[in-house]
Amino acid sequence: MAQLKLKDINKVYDNGFHAVYDFNMDIKQGEFIVFVGPSGCGKSTTLRMIAGLEDITEGELYIKEELVNQKSPRDRGVAMVFQTYALYPNMTVYENMAFGLTLKGLNEDIIEARVKKTAKILGLCDYLERLPRELSGGQRQRVAVGRAIIRKVEVFLMDEPLSNLDAKQRVTMRSELIQIHRRVGATTIYVTHDQTEAMTMADRIVIMKDGYVQQIGKPYDLYFNPANQFVAGFIGEPPMNFIECFNKGDNIVFKDASDVSLNYANSFAEVKNKSQGKDLIFGFRPENAHLIDISKPMPENGYIVDVDVELTEMLGDTVNVYLNIGEHKVIVKSTIYDIPNIGDKRKIFIPYEGVYFFDEAEGFTYPREAK
């Protein structure tokens with residue numbers, strides 16, 4: 001049974017702009033769902049339609065099997081956490097968290113018990129008498145979350161709640177939000193443009209682009225089995241490397257690097273058969289390739305490609321190595337024990353299981369055969 005059901009949801013504004021196309025999804029009780037994509041992809045618009053802050057142009061929205069298209073936001077049983085915290089500056093933390101309950105006319109003893117219980121979950125017990133301006137960004141965000149969960153609703157909606165925090169605070173708040181989600185057990189729909197947040201927090205991820213859903217799946221599935229080149233390039237840091245190529249007999253030839261010719265190998269027989277006469281995109285992730293020590297035997301079951309070192313980027317435990325393959329620029333992750341010099345001529349090894357092929361014209365991923 002779905003806690004939420006979005007059926008053929010569309011949003012078209014009065015000026016004719018089509019913001020969301022045919023959004024379909026069933027969301028189970030207790031799931032943590034993340035909508036992710038670049039700015040303007042329709043993720044926040046979809047969230048606001050669920051909240052009732054935007055009208056649904058076409059389609060049906062069900063919450064607990066009840067059609068709620070015409071219901072007001074307050075009657076949908078959802079609570080929303082905004083990017084800007086939206087705290088009342090003249091109220092204390094206690095008063096901000098209690099405000100919604102006070103409007104409902106609940107007994108003061110009940111309100112106090114709920115506020116203290118929620119404050120304990122969020123680590124805010126020592127800040128209940130402070131005003132928002134006396135708090136850090138992370139503490140204000142916790143107050144905003146507390147004001148939502150104190151209502152005991154079954155669906156939480158969060159619109160980029162961590163975007164105003166610095167990098168260290170975001171990491172801390174990510175883990176705190178997940179812990180809160182597990183304790184409360186409510187269904188959560190979370191919007192972000194940060195794929196790292198999506199990968200580390202979500203039970204399932206919805207990737208959107210230009211108003212269309214590109215793929216829905218668990219983080220593992222999106223990483224290892226992207227539906228198209230956009231998903232493959234959006235998930236992963238640094239992003240997947242892409243090189244334009246074409247068929248030439250039994251070989252893959254890189255454009256703008258015609259001296260690079262790779263045999264299809266048995267792993268890609270289906271790709272070879274389906275892509276005759278087509279341009280392709282050859283893809284591999286930076287962490288799936290590595291620099292070769294030419295003094296040792298060459299590895300097998302993969303491609304060996306000559307590269308020129310353009311730049312290195314020290315990250316502490318790893319090194320991003322920026323390389324040129326003809327006119328193509330790629331990134332490979334290396335260890336701190338093998339940092340090449342700029343201008344070096346090296347070889348990289350790309351294992352067959354780390355290679356992806358995308359159809360440049362039609363935009364889909366060619367399936368790979370079993371290793």
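Helix axes at angles under 35 degrees count as roughly parallel. That cut-off is needed for the first feature of this predicted model.

**Helix pair**

Two packed helices are described by the angle between their axes and the distance between the axes. Helix α2 spans residues 93-103, and helix α4 spans residues 137-149. Their axes come within 8 Å and cross at roughly 30°. Helices α2 and α4 are therefore roughly parallel to each other. The crossing of α2 and α4 is right-handed.

Which residues of α2 and α4 make the contact? From α2 come V93, N96 and M97. From α4 come V143, G146 and R147. Sorted by class, this α2 and α4 contact has three nonpolar residues, two polar ones and one charged one.

**Sheet**

Six strands form an open sheet with mixed pairing. Their order is β6-β7-β8-β3-β9-β10. The edges are β6 (78-81) and β10 (212-217), and each of these strands pairs on one side only. From one strand to the next, the twist averages 15°.

At the β6 edge, the neighbour is β7, residues 155-159. Strands β6 and β7 run parallel and are joined by four bridges. How is A79 placed in this pairing, and what is its bridge partner in β7? The partner is F156.

**Aromatic pair**

The model has 18 aromatic pairs. One of them is F23 with F35, and this pair is tilted. A pair of aromatic rings is described by the distance of the centres and the angle of the planes. For F23 and F35, the centres are 5.5 Å apart, with 55° between the planes. The pair links distant parts of the chain. F23 lies in strand β2 (residues 18-28), and F35 lies in strand β3 (residues 32-36). The two residues are twelve residues apart. Strand β3 also belongs to the six-stranded sheet, where β8 and β9 flank it in the order.

**Backbone exceptions**

Most residues other than glycine have a negative phi, and most peptide bonds are trans. Two loop sites depart from this pattern, as the table shows.

| Site | Backbone angle | Place |
|---|---|---|
| K64 | positive phi of about 55° | loop between β4 (58-63) and β5 (66-67) |
| E237 to P238 | cis, omega near -5° | P238 in the loop between α8 (229-234) and β11 (241-248) |

K64 takes its positive phi although it is not a glycine. The peptide bond from E237 to P238 is cis.

Note on methods
Residues numbered from 1 in each chain as written. Predicted model: local features only at pLDDT ≥ 70, side-chain atom pairs only at ≥ 80, totals over all residues. Heavy atoms only, no water. Axes fitted to C-alpha atoms, helices over the stretch in contact; angles between N-to-C directions. Parallel < 35°, antiparallel > 145°, perpendicular 65-115°, else oblique. Left-handed = near helix turned anticlockwise from the far one by under 90°. Contact = heavy atoms within 4.5 Å. Nonpolar A, V, L, I, M, F, W, Y, C, P; charged D, E, K, R; others polar. Pairing = 2+ DSSP bridges. Phe/Tyr/Trp six-rings, centres within 6.5 Å; stacked < 30°, edge-to-face > 60°.
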